[in-house]
Amino acid sequence: MNKSLVRLKSVSKTFADKPILQNISMEINQGEITTLIGPNGAGKSSLIRLILGLITPDTGTIEKIPNLTVGYMPQKVNIDPTLPISTCRFLQLANTSHEECHNALELVGIPEVKNTPFHKLSGGEMQRVLLARSILRKPNLLVLDEPVQGVDFNGQNELYGLIGKLRSSLNCGIVMVSHDLHLVMSATDHVICLNHHICCQGKPEQVTQDPAYLDIFGETAFYNHKHNHQHSLKGEVLDSDGTHRHGKGCQHD
Amino acid sequence: MALIAMGKGANMIDFLIYALLAGLGVAAVAGPLGCFVVWRRMAYFGDTLAHSALLGVALGVLLNIDLGIAVTVVCLLMALGLVALEQQGVLALDTLLGILSHSALAAGLVVISLLSDIRVDLMSLLFGDLLSVTASDLWVIYTGAAVAIILLATLWKPLISITVEHDLAAVEGINVARTRTALMLITALVIAVAMKIVGVLLITALLIIPAAAARRVCATPESMALIASLTAMASVISGLAASWYIDTPAGPSIVISAALLFCFSLGFKQKA
């Protein structure tokens with residue numbers, strides 16, 4: 001049994017009277033990749049921010065092991081172009097030596113961008129540099145917010161491969177947000193399907209069979225999924241019979 | 001103007017040296033601080049703080065307290081108020097700043113106009129009065145500038161970190177709110193001190209233009225801060241020289257010098 005790094009118990013969060021997350025209970029374990037999937041506006045990023053401690057829950061608790069070191073890869077880093085900063089310098093902001101930065105860039109496969117100005121990196125290079133920054137502090141928990149965004153198909157496969165390798169070399173737990181389901185499915189241990197509440201969760205092959213998952217993502221399990229229900233503007237599921245199905249792990253009414 | 005009237009005697013050399021030293025002191029700290037104003041797009045923040053300095057003068061005269069203290073306190077309070085409002089997120093930030101900035105400026109002008117028995121030189125408040133700097137002003141300017149430079153140097157790394165990506169900085173253990181508040185307070189302090197040099201309407205220019213000029217020729221944040229300081233110092237020297245030889249107002253001449261240096265910098269191919 002793998003050690004639990006972070007444990008959320010009945011966590012809820014409301015922004016401007018809109019319930020973004022309701023009654024979320026989940027665990028992140030050492031050595032496991034947990035993937036959050038769900039439609040836009042489902043609360044994935046908010047859940048990530050709760051786990052990172054950037055926001056606090058309204059109700060519920062988040063327990064973390066005492067020696068938790070978190071590595072974070074944000075969706076995007078927008079540095080004002082008036083700020084001159086090299087890639088190496090960007091990495092060194094994580095309080096690491098020049099050599100460690102070099103090694104991290106080597107690990108993600110782009111040692112050549114070391115002296116490239118940060119804002120001249122290509123989309124794929126940028127994602128790898130952000131991944132490199134996230135591993136610099138030797139984290140036991142990696143939090144990756146859409147790690148392959150803006151990367152072409154082959155690059156996505158490579159990045160997921162890299163993330164899988166990092167999991168074993170760092171022996172860390174990984175939480176990542178993803179949109180592209182079918183690539184993720186092969187690279188993950190645990191999938192949580194989120195739409196303000198946890199619709200369903202489990203091993204990828206279980207989740208893809210779950211009616212709640214199919215309700216949201218359709219049977220092709222591909223990003224261009226066929227919806228068998230509509231969402232209201234608020235993101236609520238409007239099923240034909242006015243309700244939506246609940247998965248096994250679902251705790252709301 | 002005043003220069004000619006008093007004649008260019010030995011006393012004038014003293015005046016000029018005081019003015020030069022005061023200008024150079026402010027220019028030194030305007031470099032690194034101006035870089036943050038540019039990187040973090042805080043120009044409007046700077047304007048708002050500068051305009052509130054005028055309100056500080058008015059209140060200082062009204063309550064009969066030292067003007068330097070009144071201006072500094074009002075600027076610092078305004079900075080704290082802005083930090084609090086920024087976190088509220090009630091209105092778009094630029095709208096909010098626009099309201100505060102111009103209200104503070106207008107309130108300052110109205111209060112000053114009501115003080116009919118005391119003569120306040122509005123032009124020198126708005127555009128600076130570098131040539132009237134006294135030895136005691138120099139002390140205030142150098143103390144303020146030294147405090148600001150020491151704080152900037154101490155907080156340099158976390159400041160760069162939160163400017164690059166504040167969430168990453170927070171996850172890596174930097175207290176983002178405290179660092180940001182510190183930067184606002186440093187900005188307020190420098191503006192309070194710089195008011196004497198270029199006046200409330202031109203302070204932001206002294207922060208932004210040298211930093212923007214430095215950007216073209218620099219590849220690291222540190223070199224940009226240094227070159228911005230040197231550019232600001234060169235602007236002070238040439239602005240004062242213009243004031244001395246062709247009798248132009250010192251504050252605006254400094255800003256024009258900085259603007260010319262910026263135009264000159266456009267000739268360089270951007271590094272990095």
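Residues 1–7 of chain B are where I should like to begin, since pLDDT stays under 50 over that whole stretch. For these residues the model has eight contacts beyond four places in sequence. What we are discussing is a predicted model, and a caution applies. Where pLDDT is low, the predicted coordinates should not be read in detail. Helix α1 of chain B, residues 2–6, has the lowest confidence in that chain, with a mean of 46. At the other end of the scale stands helix α8 of chain B, residues 156–164, where confidence is highest, at 96. Chain B as a whole averages a pLDDT of 89, and 94% of its residues score at least 70. For the complex, the predictor gives an ipTM of 0.85 and a pTM of 0.86.

I turn now to chain A. Its secondary structure comes to eight helices and eleven strands. Of its 253 residues, 43% count as buried. If we take the contacts in chain A between residues at least 6 apart in sequence, 68% of them join residues at least 24 apart.

The sheet deserves most of our time. In what order do the six strands of the open sheet in chain A stand? The order is β5-β6-β7-β3-β8-β9, with mixed pairing. At the edges are β5, residues 70–73, and β9, residues 197–202; each has a single partner strand, so one side of each is left without a neighbour in the sheet. From one strand to the next, the twist averages 15°.

Let us walk across this sheet. Helix α4 of chain A, residues 123–135, lies across β5 and β6 of chain A and runs at about 170° to β5(A). Strand β6 of chain A, residues 141–145, runs parallel to strand β7 of chain A, residues 173–177, and five bridges join the two. Within that pairing, A:L144 has A:M176 of β7(A) as its bridge partner.

On its way to β3, the path crosses another parallel pairing: β7(A) and β3(A) are joined by four bridges. Here A:T34 stands opposite A:V175 in β7(A). Is strand β3 of chain A, residues 33–37, mostly covered or mostly open? The strand is mostly covered, with five of its five residues buried. Both of its faces are covered: on one side A:I33, A:T35 and A:I37 are buried, and on the other A:T34 and A:L36.

Strand β3(A) also pairs with strand β8 of chain A, residues 190–195, in the parallel sense and over four bridges. In this pairing, A:I37 stands opposite A:C193 in β8(A).

The last step is antiparallel: five bridges join β8(A) to β9(A), and A:L194 stands opposite A:I198 in β9(A). These two strands form a hairpin with one residue between them, and A:H196 in the turn has a positive phi of about 70°. Although β9(A) stands at an edge of the sheet, this strand is mostly covered, five of its six residues being buried.

Two further residues of chain A merit a remark on backbone geometry. A:K138 is not a glycine, yet its phi is positive, at about 50°. This lysine lies in the loop between α4 and β6 of chain A. The second residue, A:E146, has a phi near 50°, again a positive value in a residue other than glycine. Its place is the loop between β6 and α5 of chain A, the helix of residues 153–170.

Which of these residues is buried and which exposed? A:K138 has 11 other C-beta atoms within 10 Å, and therefore counts as exposed, the cut-off for that class being 12 or fewer. A:E146 has 21 other C-beta atoms within 10 Å and is therefore buried, the threshold there being 20 or more.

I close with the contact between the two chains. How many residues does each chain bring to it? Chain A contributes 18 residues and chain B contributes 20 residues. On the side of chain A that touches chain B, β5 and α2, the latter spanning 87–92, each supply at least two residues. By character, the residues on that side of chain A divide into 14 nonpolar, one polar and three charged. Strand β5(A) thus appears twice in this account: as an edge strand of the sheet, and as a supplier of residues to the side of chain A that touches chain B.

Note on methods:
Residues are numbered from 1 along each chain as its sequence is written. Chains are lettered from A and ligands numbered from 1 in the order in which they are written. This is a predicted model: local features need pLDDT of at least 70, side-chain atom pairs count only at pLDDT 80 or more; totals for chains, interfaces and linings use all residues. Two strands pair if DSSP finds at least two bridges between them. Axes are lines fitted to C-alpha atoms, for helices over the stretch in contact, and angles run from 0 to 180 degrees between N-to-C directions. Two residues are in contact if their C-beta atoms, placed from the backbone, lie within 7 Å. Ala, Val, Leu, Ile, Met, Phe, Trp, Tyr, Cys and Pro count as nonpolar, Asp, Glu, Lys and Arg as charged, and the others, Gly among them, as polar. pLDDT is the predictor's confidence in each residue, from 0 to 100.
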